[in-house]
Amino acid sequence: MAGIEKGLFRAEVAGNEKLSSACRLIRFARPEGFPDAKPGHFVAVRVNSSPVPLLRRPYSIMDLTETELVLLVKVVGPGSRLLGEAEVGDWMDIAGPLGGTVFPSPDGEDAVFVGGGTGLAPMIFAARTWKREKDSANTYLIHGAATSEELLGTFCEEDFTKVFRSTMDGSEGFNGDAVSFLQSLLKDGAISASKLYSCGPAGMVKSLELKVSTRFDSHYTSLEAVMACGVGACRGCTVPSREEEGRKLMAVCSDGTVFDASQIAWEDWE
């Protein structure tokens, strides 16, 4: 990771806010010496001191301020359940900031962010970071989820110029997936931007790249993958990339998590 330090830190839980039946906002007091991070970086959390669960859990950074490190946590298994049940005053081990690449700034050009599910987290970090840096870009969020409950309410409404929502069951917003919604917005002229950023399930990002990326000058995506070590040593989270010499396997955790979406050999990634 060029230009940024990383390390192991002890972090105290400063808040646990319920956003839905499955999702929590976990706020840690920023550990002393925790480096500045950029949009696309993540942390790996050891949720307890016992051998089970064995591996740290990776989470995109949703926000990092002078005083707080904030994560968006969806409870999907034993590890995330322990983190989701954390109480104020609990302490956990955090490794970070991790990741070898970050989202490039829009540099004042209008941008569309597409977040699927908890892929919302790095989109929020990017929008907040660039707003703090006084970037003048208009930012449009398309947040797609299965149901209205998974849209998590309006807690990030003020982070973007405008927020659009879609649900697969039609319970709120556009009835359908986020990619189809973006296609509709572009066709109707409701959105005009040159930059596209995304994070979510591989199927959603692949569909974005194949169906709408030609409408934008660039498409950068933070890929989601099952990770073990989180630093590129185990090579358990590789994705095929197109290189001049042919296909190359890139580790999402250390070569990413952010990639130029056109560089991914989507047809070879199961």
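Visitor: Why is the radius of gyration of the protein chain said to agree with that of a compact globule?
Guide: With 270 residues, a compact globule would have a radius of gyration near 18 Å, and the protein chain has 18 Å, so the two agree. The radius is taken over C-alpha atoms, and the globule rule is 2.2 Å times the number of residues to the power 0.38. Along the principal axes, the C-alpha atoms of the chain fill a box of roughly 50 × 45 × 35 Å. The model is predicted: local features need pLDDT of at least 70, side-chain atom pairs count only at pLDDT 80 or more, and totals for chains, interfaces and linings use all residues. Residues are numbered from 1 along each chain as its sequence is written, and side-chain values use heavy atoms, with hydrogens and water left out.

Visitor: How many helices and strands does the protein chain have?
Guide: There are 5 helices and 15 strands, taken as DSSP runs numbered from the N terminus (helices: H or I, at least four residues; strands: E, at least two).

Visitor: Which strands make up the closed barrel, and in what order?
Guide: The barrel has 6 strands, in the order S1-S2-S5-S4-S3-S6, and their pairing is antiparallel. Neighbouring strands of this sheet are turned by 45° against each other on average, direction ignored.

Visitor: How do you know that strand S1 is joined to strand S2?
Guide: Pairing calls for at least two bridges found by DSSP, and 5 bridges join S1 (residues 7-18) to S2 (residues 23-29), so the pair qualifies. One partnership is that of valine 13 with phenylalanine 28 in S2.

Visitor: What makes S10 and S15 edge strands?
Guide: Each of them pairs on one side only. They belong to an open sheet of 7 strands, S10-S9-S8-S7-S11-S12-S15, with mixed pairing. S12 and S15 are antiparallel and share 3 bridges, and tyrosine 220 stands opposite aspartate 260 in S15. Helix H4 (residues 202-211) packs on the sheet and touches S7, S11 and S12, where contact means heavy atoms within 4.5 Å.

Visitor: Across which strands does H2 lie?
Guide: Helix H2 (residues 120-132) lies across S4 and S5, at about 30° to S4. H2 also lies across S7, S8 and S11, at about 150° to S7. The angles run from 0 to 180 degrees between N-to-C directions of axes fitted to C-alpha atoms, for helices over the stretch in contact.

Visitor: What lines the largest pocket?
Guide: Its lining has 28 residues, with Pro58, Tyr59, Thr118, Glu224 and Ala225 nearest the centre. The largest share, 4 residues, comes from S4. A pocket is an open set of points on a 1 Å grid over the protein atoms alone, where a 1.4 Å probe fits, with protein on both sides within 12 Å along at least five of seven lines; lining residues have an atom within 4 Å of a point. The space in this pocket is about 700 Å³, and that in the second largest is about 260 Å³. The second largest pocket is lined by 18 residues, among them Gly116 and Ala146.

Visitor: What is the omega of the peptide bond between glycine 96 and proline 97?
Guide: Omega is about -10°, and the bond is cis. Proline 97 lies in strand S6 (residues 91-98). Another cis bond, with omega about 15°, joins glycine 256 and threonine 257. Threonine 257 sits in the loop between helix H5 (252-255) and S15.

Visitor: Why is the phi of lysine 134 worth a remark?
Guide: Most residues other than glycine have a negative phi. Lysine 134 has a positive value, near 70°, and its place is in the loop between H2 and S8.

How values were computed
Grid points are joined across faces, edges and corners, and a volume is the space filled by probe spheres set on the points.
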